[in-house]
Amino acid sequence: MQAWTREQFEHKLRDKGQLYHIHHPFHIAMHSGDCSKEEIKGWVANRFYYQANIPIKDAAIMANCRDMETRRLWVQRIIDHDGSVGEKTLGGIEAWLRLGEAVGLNRQDLLDEKFVLPGVRFAVDAYVNFARSATWQQAACSSLTEMFAPEIHRSRLDSWPHNYPWIKPEGLNYFQMRLSQARRDVNHGLQITLDHFTSREAQHDALNILQFKLDILWSMLDSMTLAYQQDRAPYQAILGQEAIINPIYHKGILK
């Protein structure tokens, strides 16, 4: 079977955006101003686990990559999230910690992963493990959900100040930072993918890899929906609230 042209292949990759988690009911509610303070705090706390693992994922990609030019470009992603020593510009992780503080969470609680739901941890760990075990080109392809990220960052910048005025404005710096960073990262990741996946079979593999990453992001919101919107926190039904080892999963704890 003949391979798609680069233009056709790119179109199919970008078409995956219809399954991006911006369309998840939890995110739609968040964009519409329908989330409670508890739900916003729960999302910020759990999403921090994903943010904190991004540079670990990127380091795994670099560890598998023997192409020096690629590493020179890819390392910027780690710097973007970890920040640089003595640099005044916020790193992404620090910016997200400040978002946590802006919604009323304790910084150390976030660093201690106190609020991370089991389903979120499982999904994020699966992504990091994929980056470690896959080829660097496959792992780079999985990062292409960034093609759709500027839209989701812009939606938060546009809607949150009006819908959630209780959130301190400085907490939104992360989303502003990522508008330009994500576009730059997409150009590099897309070039790698278009250059490497050149047969029809390989192109199908790339689409499946991108779908895997979309599934990761969607599953994270599924877990948060159960815990914070449907009051079905992990183990609640069999143990009861008083017996839960980590009662943070339950509604009301994050207030």
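Tutor: Before we start, a cavity here is a set of grid points where a 1.4 Å probe fits but cannot get out. Keep in mind too that this is a predicted model.

Student: Okay, how many cavities of 30 Å³ or more are there?

Tutor: Rolling a probe the size of a water molecule over the atoms shows where empty space is left. With the 30 Å³ limit applied, the count is one.

Student: What volume does the largest cavity have, and which element gives the most to its lining?

Tutor: Its volume comes to about 240 Å³. At least two lining residues each come from α3, α4, α9, α10 and α11. With six residues, the top contributor is α3.

Student: Which residues lie nearest the centre of that cavity?

Tutor: The lining of the largest cavity runs to 24 residues. By class they split into nine nonpolar, six polar and nine charged. Nearest the centre you'll find Arg47, Tyr50, Ile54, Glu146 and Arg178.

Student: Now the largest pocket: which element has the largest share of its lining?

Tutor: This pocket holds about 160 Å³ of space. Two or more lining residues come from each of α4, α8 and α10. The largest share is five residues, and they belong to α10.

Student: How many polar residues line the largest pocket?

Tutor: Have a look at the lining, which includes Thr70, Gln137, His188 and Gln191. Asp67, Glu69 and Asp195 are there as well. Sorted by class, the lining has three nonpolar and three charged residues, and the polar ones number five.

Student: Let's go to α10, then. Is Thr193 buried or exposed?

Tutor: Thr193 sits in helix α10, residues 173-196. Leaving out neighbours within four places in sequence, its contacts are Phe9, Leu13, Cys141, Leu144 and Ala206. Its relative accessible area is 0%, and the cut-off is under 20%, so Thr193 counts as buried.

Student: And Ala134, where is it, and is it buried or exposed?

Tutor: Ala134 is placed in the loop between α7 (118-133) and α8 (136-142). Its relative accessible area is 9%, against a cut-off of under 20%, so Ala134 is buried.

Student: Which residue 70 places from Ala134 along the chain does it touch?

Tutor: Not counting residues up to four places away, Ala134 touches two residues, and one of them is Ala139. The other is 70 residues off along the chain, with a C-alpha separation of 8.4 Å. That partner is Asn64.

Student: How many residues of α5 are buried?

Tutor: Helix α5 covers residues 92-102 and is mostly covered. Among the buried ones are Ile93, Trp96, Leu97 and Leu99. What covers them includes α3 (37-63), α4 (68-82), α6 (107-111), α9 (149-163) and α10. Of the eleven residues, the buried number is eight.

Student: Which residue just after α5 takes a positive phi?

Tutor: You'll want to look just past residue 102, where α5 ends. The phi there is about 100°, and the residue is Gly104.

Student: How far apart are the end C-alpha atoms of α11?

Tutor: Helix α11 has 30 residues, 200-229, and at 1.5 Å a residue it should span 44 Å. The multiplier is one less than the number of residues. The model agrees with that expectation, since the end C-alpha atoms are separated by 42 Å.

Student: What follows α11 with a positive phi?

Tutor: Helix α11 takes in residues 200-229. After it comes a residue with phi near 55°, Asp231.

Methods: Residues numbered from 1 in each chain as written. Predicted model: local features only at pLDDT ≥ 70, side-chain atom pairs only at ≥ 80, totals over all residues. Heavy atoms only, no water. Helix = DSSP H or I, 4+ residues; strand = E, 2+ residues; numbered from the N terminus. Buried < 20%, exposed > 50% of the residue type's maximum accessible area, 1.4 Å probe, protein only. Contact = heavy atoms within 4.5 Å. 1 Å grid on protein atoms, 1.4 Å probe; cavity = no way out; pocket = protein on both sides within 12 Å on 5 of 7 lines; lining within 4 Å. Points joined across faces, edges and corners; volume = space filled by probe spheres on them. Nonpolar A, V, L, I, M, F, W, Y, C, P; charged D, E, K, R; others polar.
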